[in-house]
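Please open the model in your viewer and keep the selection tool at hand. The tour proceeds by selections, each followed by a short account of what is found there.

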Amino acid sequence: MKRLLIRGARLIDPSRGLDILGGMLISDGRIEAIGAELVNAPDPHDGTEILDATGLVAAPGFIDMHVHLREPGFEYKETIASGADAAAAGGFTAVAAMANTSPPNDNASVTEFVLKKAAEAGKARVYPIGSITKGMKGTELAEIGEMVEAGAVAVSDDGLPVSNISVMRRAMEYTTLFDIPLIEHCETPELHPGGVMNEGFWSTSLGLRGIPRASEEISVDRNIALAELTGARFHVAHLSTEGALRRVAEAKDRGLRVTCEVTPHHLVLTDESVKSYDTHAKMKPPLVTEADREALINGLKDGTVDAIATDHAPHHADEKGEDFDHAPFGIVGLETAVSLCLDRLVGTGILSMTRFVELMSTGPARVLGVSGGTLEVGAPADISLFDPQKRVRVDPDKFRSKGRNTPFGGWELTGAPVRTFVAGRVVWSAE
Ligand SMILES: [Zn+2]
């Protein structure tokens with residue numbers, strides 16, 4: 001592989017508090033040198049490729065710790081190859097794939113299958129997440145040790161909560177042996193049979209069955225208590241309410257190993273988006289109120305939130321074309337996350353560029369315990385290059401993902417990925 005010199009970029013590395021105008025030299029898939037002195041480095045004339053990145057930001061590769069790649073079993077919605085391609089096009093160098101496939105990732109052979117398909121695709125890295133329970137049925141623990149051995153980085157039954165409290169206790173105890181995070185979809189479904197949106201003003205106005213915010217908060221409470229009992233690393237998936245955030249902040253203050261992620265859609269939209277009965281506003285957890293949205297944004301700023309994750313959930317257009325009660329929950333997120341966050345959070349001055357990069361790379365790398373999240377010399381050259389000034393119009397027809405289910409089609413946004421490198425190799429480029 002040719003050496004590469006990226007020159008003139010704004011280099012942001014939250015792992016070392018670095019924010020400079022500089023350059024970066026990449027060789028053999030790793031960062032060989034980085035610094036302000038390379039900003040106008042002369043042409044080496046030794047065959048090194050040169051990339052003028054003036055006006056662009058170079059960040060440690062973005063990691064989406066919550067995606068659904070649907071393979072095996074639902075290849076009509078997404079495949080590992082199309083999902084990894086969509087990730088690269090969205091500026092992500094790695095994703096963590098949830099286990100709710102068919103069959104679910106509840107044993108080492110499925111974990112190995114996911115890794116093999118990801119290697120064949122050669123786009124973003126894919127970290128498999130094993131299920132907590134066999135068949136995701138919530139009763140018997142899955143082969144967690146064997147999956148970790150095969151490369152699983154965390155466990156989760158995401159899509160479903162683990163309702164049985166003693167199963168959850170044993171799962172948490174077991175994960176401490178491997179020091180991996182247990183990621184929970186925090187929901188209490190018995191509380192709201194048939195619920196399709198947030199319970200409140202809009203559900204009443206629209207005549208749709210509600211899901212109260214307590215559904216998430218009861219589960220977060222219970223699992224924090226179990227994390228305290230077991231010492232497990234407990235991570236709240238797609239945290240959405242002010243009350244759940246408050247509980248996580250309090251657990252962190254007490255020194256528990258509790259972390260959380262929020263999605264771009266919960267940071268940008270509220271349950272008012274449901275008023276046209278658009279099924280692209282149907283997700284789990286549901287879109288909530290403006291007060292919750294503001295609380296989540298404060299959580300990004302004050303450090304309570306560890307990561308922004310998309311919960312990328314591709315569905316076929318025919319499925320999302322059903323009426324609101326029957327359409328599946330979820331939207332795609334890989335190819336809109338960076339632009340949405342740059343436009344709505346960084347461009348508006350709500351988040352600093354460094355904190356944005358931290359939430360997209362250093363934070364999720366730390367939660368998952370994977371490499372990345374840094375531009376240190378010697379680190380793998382996983383790099384997200386983006387243009388904070390580039391104007392884009394979201395066009396779902398151009399997505400690399402097979403899923404077109406997004407509420408953001410037609411949105412005009414400022415800021416977009418430009419080029420994505422994995423181990424020094426270009427896996428996607430805007431040109
Ligand atoms: Zn979930």
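The stops below cover two helix pairs and several individual residues.

The coordinates are those of a predicted model.

**Stop 1: helix 6 and helix 7**

Select residues 214-230, which form helix 6, together with residues 242-253, which form helix 7. The axes of helix 6 and helix 7 come within 8 Å and cross at roughly 15°. Angles under 35 degrees count as roughly parallel, and helix 6 and helix 7 are therefore roughly parallel to each other. Their crossing is right-handed.

Next, display the side chains at the contact. From helix 6, select Glu216, Glu217, Val220, Asp221 and Ile224; from helix 7, select Gly243, Ala244, Arg247, Val248 and Ala251. Coloured by residue class, the contact of helix 6 with helix 7 shows five nonpolar residues, one polar residue and four charged residues.

**Stop 2: Thr176 in helix 4**

Move to Thr176, which is placed in helix 4. Is Thr176 buried, partly exposed or exposed? With a relative accessibility of 31%, Thr176 counts as partly exposed. Beyond its neighbours within four places in sequence, Thr176 is in contact with Thr230, Gly231 and Ala232. Thr230 belongs to the residue range of helix 6, 214-230. For a distance across the model, select Lys116 as well: Thr176 and Lys116 are 60 residues apart in sequence, and their C-alpha atoms are 27 Å apart in space.

**Stop 3: Ser156**

Select Ser156, in the loop that runs between strand 9 (154-155) and helix 4 (165-178). The relative accessible area of Ser156 is 1%, so this residue is buried. Which backbone atom does the side chain of Ser156 reach? The partner is the backbone nitrogen of Asp158, at 3.0 Å. To see the surroundings, add Met98, Ala99, Ile129, Gly130, Ser131, Ile132 and Ile183; each is in contact with Ser156, with neighbours within four places in sequence left aside.

**Stop 4: helix 11 and helix 12**

Turn to residues 337-346, helix 11, and residues 353-368, helix 12. Helix 11 and helix 12 pack at an angle of about 145°, and their axes are 11 Å apart. Helix 11 passes helix 12 in a right-handed crossing. Show Val338, Cys341, Leu342 and Val346 on helix 11, with Met353, Phe356 and Met360 on helix 12, as these residues make the contact. What is the division of this contact into nonpolar, polar and charged residues? Seven are nonpolar, none is polar and none is charged.

**Stop 5: Val332 and Thr406**

The last selection is a pair of loop residues. Val332 lies between helix 10 (317-320) and helix 11 (337-346), while Thr406 lies between strand 16 (383-393) and strand 17 (412-422). Although Val332 and Thr406 are 74 residues apart along the chain, their C-alpha atoms are separated by 5.8 Å.

Val332 counts as buried at 4% relative accessibility, and Thr406 is buried with a relative accessible area of 6%. With neighbours within four places in sequence left aside, the contacts of Val332 include His312, Ala313, Pro314, Phe399 and Thr406. On the same basis, Thr406 is in contact with His280, Val332, Thr336, Pro396 and Phe399. Phe399 thus appears among the contacts of both Val332 and Thr406. Finally, label the backbone nitrogen of Phe408, which lies 3.0 Å from a polar atom of the Thr406 side chain.

Notes:
Residues are numbered from 1 along each chain as its sequence is written. This is a predicted model: local features need pLDDT of at least 70, side-chain atom pairs count only at pLDDT 80 or more; totals for chains, interfaces and linings use all residues. Side-chain values use heavy atoms; hydrogens and water are left out. Axes are lines fitted to C-alpha atoms, for helices over the stretch in contact, and angles run from 0 to 180 degrees between N-to-C directions. Helices (H or I, at least four residues) and strands (E, at least two) are DSSP runs, numbered from the N terminus. Angles under 35 degrees count as roughly parallel, over 145 as roughly antiparallel, 65 to 115 as roughly perpendicular and the rest as oblique. A crossing is left-handed if the near helix is turned anticlockwise from the far one by less than a right angle, and right-handed if clockwise. Contact means heavy atoms within 4.5 Å. Ala, Val, Leu, Ile, Met, Phe, Trp, Tyr, Cys and Pro count as nonpolar, Asp, Glu, Lys and Arg as charged, and the others, Gly among them, as polar. Buried means under 20% relative accessible area, exposed over 50%, partly exposed in between (1.4 Å probe, protein chains only). A polar contact is a pair of N or O atoms within 3.5 Å; within protein, one must be able to donate a hydrogen and the other to accept it, and residues adjacent in sequence count only if both atoms are side-chain atoms.
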